[in-house]
Amino acid sequence: MARLRIHRIPARTDNYLWLAHEPDTDTVAIVDPADAEPVIAKCGELGLHLTHILNTHHHGDHIGGNLALKAHYDCVIIGPAADRDRIPGIDIAVGEDDTVALGTETARVFDVPGHTRGHIAYWFANSDALFCGDTLFALGCGRLFEGTPAQMWNSLSKFAPLPDSTRVYCAHEYTQANARFALTVDPNNKALRQRAAEIDRLRAKDTPTVPSTLGEERATNPFLRAEDAGLKAAIGLTTADPVAVFAETRKRKDNF
Ligand code: ZN
Ligand code: FE
């Protein structure tokens with residue numbers, strides 16, 4: 001089985017659209033097309049024909065290109081069952097533990113409500129790739145527009161069994177601002193301080209910081225570290241449960 005070849009397409013201010021190409025069968029999916037034009041341009045450049053759209057949630061910067069791409073390529077649109085009414089052109093609705101095949105590669109679907117009530121993530125185990133939309137970001141997580149801290153903590157905890165080597169293909173370049181915040185709640189985390197310095201170096205050259213790996217996120221992302229004694233002490237919640245720690249961290253980020 002050939003692993004997915006994954007291409008980054010920058011769009012709008014800070015969106016990343018991920019083009020996933022399974023080369024054995026020339027199956028080609030775009031994850032969360034904010035707009036159609038940059039996807040058509042990239043497919044043209046690579047000589048590929050788009051066969052699938054994978055949506056993680058209904059926000060405009062994730063579904064904006066759906067209908068134009070479907071008109072252009074007659075591709076199949078896959079999205080969250082819990083939000084099928086808000087996904088333009090949806091053909092196949094999926095949820096927790098469903099699988100999605102792209103040629104020889106297969107994703108497992110996770111329901112990850114919190115940012116929106118219907119948000120899903122796609123994990124391609126053989127390709128070591130997690131497409132998580134606006135649920136998990138490099139050093140951050142999505143804002144809780146339609147969910148509670150307990151829901152989002154539970155959603156993020158679903159990624160716990162995935163290998164450290166898993167690449168985190170999130171949908172935005174928010175990493176540098178996230179790093180500044182992370183340092184305020186986890187100031188004694190040496191791995192975080194090193195990563196923040198590296199991110200500053202990369203961003204000074206306008207280099208993308210996504211994808212990261214789940215291993216890096218577990219070591220440095222405060223929203224995955226609600227059980228870490230150092231972080232809990234730093235925010236004055238030494239004995240609190242993880243949901244309370246996560247909620248406090250998310251609240252501080254909203255006001256940062
Ligand atoms: Zn969103
Ligand atoms: Fe977004």
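**Entry 1: cysteines**

I started with disulfides and found zero in the structure. This is a predicted model, so I keep that in mind for everything below. I wanted to see how far off the cysteines are, so I looked up two of them. The sulfur of cysteine 75 has its closest cysteine sulfur in cysteine 43, at 9.3 Å, which is too far for a bond. For cysteine 170 the closest cysteine sulfur belongs to cysteine 132, and at 5.7 Å that is also too far for a bond. The cut-off I have in mind is 2.5 Å between the sulfur atoms.

I then checked burial for both. Cysteine 75 comes out buried, with 2% relative accessible area. Cysteine 170 is buried too, at 1% relative accessibility.

**Entry 2: the zinc ion**

Next I went to the metals. Which protein atoms are the donors of the zinc ion (ligand 1)? I noted His57 (NE2), His59 (ND1), His115 (NE2) and Asp134 (OD), lying 2.2 to 2.3 Å from the zinc ion. Along the chain, these donors follow the spacing H-x1-H-x55-H-x18-D. I looked up where two of the histidines sit, and the pair links distant parts of the chain. Histidine 59 is in the loop between strand 4 (52-54) and helix 2, and histidine 115 is in the loop between strand 8 (105-111) and strand 9 (120-124), 56 residues apart. Histidine 115 is buried, with a relative accessible area of 4%.

I also wanted the geometry. The four donor atoms subtend angles of 87 to 172° around the zinc ion, so the arrangement is irregular. A tetrahedral call would need all angles between 85 and 135 degrees, and the upper end here is 172°.

**Entry 3: the iron ion**

Same lookup for the iron ion (ligand 2). Its protein donors are Asp61 (OD), His62 (NE2), Asp134 (OD) and His172 (NE2), at 2.1 to 2.4 Å. Their spacing along the chain reads D-H-x71-D-x37-H. Why is the arrangement around the iron ion irregular? I put it down to the angles, because the four donor atoms subtend 83 to 168°.

Asp134 turned up in both lists, so I looked at the bridge: aspartate 134 coordinates the zinc ion and the iron ion, which are 3.3 Å apart. I then placed aspartate 134 against histidine 62. Histidine 62 lies in helix 2 (residues 60-63), while aspartate 134 lies in the loop between strand 10 (129-133) and strand 11 (136-137), so the pair ties together parts that are 72 residues apart in sequence. Are these two buried or exposed? Histidine 62 is buried at 0% relative accessibility, and aspartate 134 is buried with a relative accessible area of 3%.

**Entry 4: the largest pocket**

I turned to pockets. The largest pocket has a volume of about 270 Å³. I counted 18 lining residues, and the closest to the centre are Phe137, Cys141, Arg143, Tyr174 and Lys253. By class I get seven nonpolar, six polar and five charged residues in this lining. Strand 12 (140-141), helix 5 (175-185) and helix 9 (242-254) each give at least two residues to it.

Cysteine 141 made me look again. I found this residue in strand 12, and it is buried, with a relative accessible area of 6%. Its C-alpha atom is 6.6 Å from that of phenylalanine 223, although the two are 82 residues apart along the chain.

**Entry 5: the second largest pocket**

How much volume does the second largest pocket have? I have about 150 Å³ for it. I listed its lining as Trp153, Leu156, Ser157, Phe159, Ala160, Leu214, Arg218, Leu224 and Glu227. Six of these are nonpolar, one is polar and two are charged. Helix 4 (149-157) and helix 7 (214-220) each supply at least two lining residues, and helix 4 gives the most, with three.

**Entry 6: alanine 196**

Last lookup. Alanine 196 sits in helix 6 (residues 190-204) and is buried, with a relative accessible area of 5%. I also checked alanine 196 against leucine 183, 13 residues away along the chain, and their C-alpha atoms are separated by 8.2 Å.

Definitions and conventions: Residues are numbered from 1 along each chain as its sequence is written. Chains are lettered from A and ligands numbered from 1 in the order in which they are written. This is a predicted model: local features need pLDDT of at least 70, side-chain atom pairs count only at pLDDT 80 or more; totals for chains, interfaces and linings use all residues. Side-chain values use heavy atoms; hydrogens and water are left out. Donors are N, O and S atoms within 2.8 Å of the metal (3.2 Å for Na, K and Ca); water is not among the atoms, so sites may look incomplete. Four donors count as tetrahedral if all angles lie between 85 and 135 degrees; four count as square planar and six as octahedral if opposite donors are over 155 degrees apart and all others between 65 and 115; anything else is irregular. Helices (H or I, at least four residues) and strands (E, at least two) are DSSP runs, numbered from the N terminus. Buried means under 20% relative accessible area, exposed over 50%, partly exposed in between (1.4 Å probe, protein chains only). On a 1 Å grid over the protein atoms alone, a cavity is a set of points where a 1.4 Å probe fits but cannot get out, and a pocket is an open set with protein on both sides within 12 Å along at least five of seven lines; lining residues have an atom within 4 Å of a point. Grid points are joined across faces, edges and corners, and a volume is the space filled by probe spheres set on the points. Ala, Val, Leu, Ile, Met, Phe, Trp, Tyr, Cys and Pro count as nonpolar, Asp, Glu, Lys and Arg as charged, and the others, Gly among them, as polar.
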